[in-house]
Amino acid sequence: MSFAMKNLRFSLIIFTTLSCSLVASATISEANALLKWKSTFTNQKSSSKLSSWVDNTSFCTRWYGVSCNQEGSLIRLNLTDTAIEGTFQDFPFSSLPNLAYVDLSMNRFSGTIPPQFGSLSKLIYFDLSINQLTGEIPPELGNLRNLETLHLVENKLNGSIPSEIGLLTSLQELALYTNHLSGPIPSSIGNLTNLVNLYLFSNSISGSLPSEIGNLTNLVELCLDRNYLTGQIPPTFRKLKNLTLLNMFENNLSGKIPPEIGDMASLDSLSLSTNNLTGSIPSSLGNLKNLTILHLYLNQLSGVIPPELGNIESMIDLELSQNKLTGSVPDSFGNFTKLEFLYLRENKLSGPIPPGVANSPELTVLQLDTNNFTGFLPEICKGGKLQNLSLSDNHLEGPIPKSLRDCKSLVRAFFSGNGFNGDISEAFGIYPYLDVIDLSHNNFHGEISSNWAKSRKLGSLIMSNNNITGAIPPEIWNMAQLGKLDLSTNNLTGELPEAMGNLTGLLRLRLNGNQLSGRVPATISSLTNLESLDLSSNIFSSKIPETADSFYKIYELNLSRNKFDGRIPILSKLTQLSLLDLSHNQLDGEIPSQLSSLQSLDLLDLSHNNLSGLIPTSFKDMKALTYIDISYNNLEGPLPDTPAFQKAAADALEGNRGLCSNTPTQRLKPCPITTSWFKKSKKNDYIVVWILVPIVGALIILSICARTFTYYLGKRKLSIRNNSDSKNGEKYFR
């Protein structure tokens, strides 16, 4: 008995020793395999996170990103955000049989995903996101039956989603977004009944939505947006009772919104915007009591807004813009007490704006522009949080409500294209955060308030097309932060001060259509960031400032319909200028040849002035010029040889007695043969002479040679004949 016990103890010792030896051997084997893979990385330095990967004996305890089981075998490899540059071609698949967790995301792995990853049968979590992987998703990944999470996002993967993905029946989260995947969503995806989150957005996936998605009853989040999906939304989606997020925006979906979506009671966010959906908004959406976000903008939806939407008291963000919706805004919108964003712009909505539309104290954005709303504007800044207000292009009228005058939170406000009235100096207050306000095309009267200068962040002040009178307050010219100032088409008077040079950040200045007078101050040259300047239709006089050549960024300069006199200044540095209108002034002298330096100039109007002399011939080099008007001046001579002049209409040239043209439709006197033509003709004559002289010379020489040769032959024959006669005579007399 004692001997047997000794044998048993000895056997256990031997077994334990052998087991430990085998475990140690396996651990070293896995470590060596990983070291061999690491050696293929191209950028690993001693300071990197993988500097601990050196000693295979401390593999499980000291190596970064490595975790082992109790037997000392690798089960977890987490190398996320390790700045690795390499591939998976030498990954030790066969040496890591127990690997269950792999996170290699946020590195610089390149190349393809090897199909051998499908042999890691114990994988539960697999993440290769945010790398530079290319090629297709290997269908062999369908062998990973224990896989619960698959992330391949933000790579450059292409091809279609393999149907074998439907074999991953344990999968709970599938994320393939932001790749170049194409083709349809495989219907086999309906087999993934344990799936909780499905993210396929930002690819090039096409085809219709498989109705089998309705089988994914555990689904909580479904994001298929920014693809090329077509067809209708399947009514089987009604079975997705646990779904809280449904994003299918920016596709090509068509047909009606199925009323069955109203049965998806858990929905918190629904975005179907930017598709081709038609028909009316289903009233059943009012059943979605948990909905906080509803985006249906940029579709072809028609009909009225269902009042049932007002039952969704949890609504925070409602966006129905850019459709074909008609009728009025439901009074039930007054139930929205948590609403922060309401977008109804660019529809065909009509009637008055209901007072309750702004009941929510949280309202931050209200965009109602480009509709047919009528009546007075209700109090709409009740909570004091309104930042973005757009009411443009409606038929609203009456005064601005007091709540808006005191709405200190305003950042952007658009009132243009309505019939608002009242004294503009009293209708608005001081707005510490205001960036843009557009009051154009209304019926405001009175003078501009100096209080606008107290809105320290105001970058765009637009008041054009009203009935504003008086002078521009001097405080306006101290608003150095202004980028756009448009006071055009009013009845403003007075002169521009030297202080206007303070507006050095100004990009666009429009003062046209007023009664401003005097000279334009030379300090205007300080506005070097100007891109557009319009002072037309005023009573400005004296000379155009020579410093106008300092507007290096300007593309539009209109000084027409004033009383400017003197010569046109040198404008050779305005290389971005595409429109120059100096018409209807009293300018005289010649057209400066330096204008031909304006190589971007597309439109030039110098009509109705007192300009004289020839049109500079250098204008022929103005390749961008397509339209000119030089009518009613005292210009003379021929038109430059450029299409803008040669194709100009007669009314753009008339009123210049000295101009000539050989184009009958331009109705100018014909041009005589010009010196340049003579030079051309003379040049041609020289060419002819140079060709003819050698030929004629050669003929003369040949003629002389021929005559000389003929003469020589004749003389020789005569000599021979004389000699012959002499011999014959001696013979005869002998």
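A salt bridge is a side-chain nitrogen of Lys or Arg within 4 Å of a carboxyl oxygen of Asp or Glu. Side chains of opposite charge can pair when their charged atoms come close.

This is a predicted model, in which local features need pLDDT of at least 70 and side-chain atom pairs count only at pLDDT 80 or more, while totals for chains, interfaces and linings use all residues. Residues are numbered from 1 along each chain as its sequence is written, and side-chain values use heavy atoms, with hydrogens and water left out.

**Salt bridges**

Across the whole structure, a search finds eleven salt bridges. Three of them are listed here.

| Pair | N to O distance |
|---|---|
| Arg226 and Asp225 | 2.9 Å |
| Glu362 and Lys385 | 2.8 Å |
| Glu556 and Arg510 | 3.0 Å |

The surroundings of these residues are described with three words: buried means under 20% relative accessible area, exposed over 50%, and partly exposed in between (1.4 Å probe, protein chains only). In the pair of Arg226 and Asp225, Arg226 has 37% relative accessibility and so counts as partly exposed. Asp225 has 1%, so this residue counts as buried.

Glu362 and Lys385 meet through their side chains. This pair links distant parts of the chain, 23 residues apart: Glu362 is in the loop between β25 (348-352) and β26 (365-367), and Lys385 is in the loop between β27 (372-376) and β28 (388-390). The strands named here are DSSP runs (E, at least two residues), numbered from the N terminus. Glu362 is partly exposed at 29% relative accessible area, and Lys385 is partly exposed at 37%.

The salt bridge of Glu556 and Arg510 starts from two strands. Glu556 lies in β42 (residues 556-558) and Arg510 in β38 (residues 508-510), so the pair ties together parts that are 46 residues apart in sequence. Glu556 is buried, with a relative accessible area of 19%, and Arg510 is buried as well, at 14%. Elsewhere, Arg345, Glu346 and Asp369 are joined into one network by salt bridges that share partners.

**Strands and sheets**

Strands of a sheet pair through backbone hydrogen bonds, either parallel or antiparallel. Two strands count as paired if DSSP finds at least two bridges between them.

An open sheet is built from six strands in the order β9-β11-β13-β15-β17-β19, and their pairing is parallel. The edges are β9 (158-160) and β19 (276-278); each has a single partner strand, so one side of each is left without a neighbour in the sheet. On average, neighbouring strands of this sheet are turned by 15° against each other, direction ignored. The strand axes behind such angles are lines fitted to C-alpha atoms, and angles run from 0 to 180 degrees between N-to-C directions.

Which strands does β13 pair with? Strand β11 (residues 180-183) runs parallel to β13 and is joined to it by two bridges. In that pairing, Ser182 has Ser204 of β13 as its bridge partner. β13 (residues 204-208) also pairs in the parallel sense with β15 (residues 228-231), over three bridges. Ser206 stands opposite Tyr228 in β15, and Ser208 stands opposite Thr230 in β15.

Further along the chain, β47 (residues 610-614) and β49 (residues 634-638) run parallel and are joined by three bridges. Gly613 has Leu635 in β49 as its bridge partner. β49 also pairs in the parallel sense with β50 (residues 658-660), over three bridges. There, Pro638 stands opposite Cys660 in β50.

Key. Helix = DSSP H or I, 4+ residues; strand = E, 2+ residues; numbered from the N terminus.
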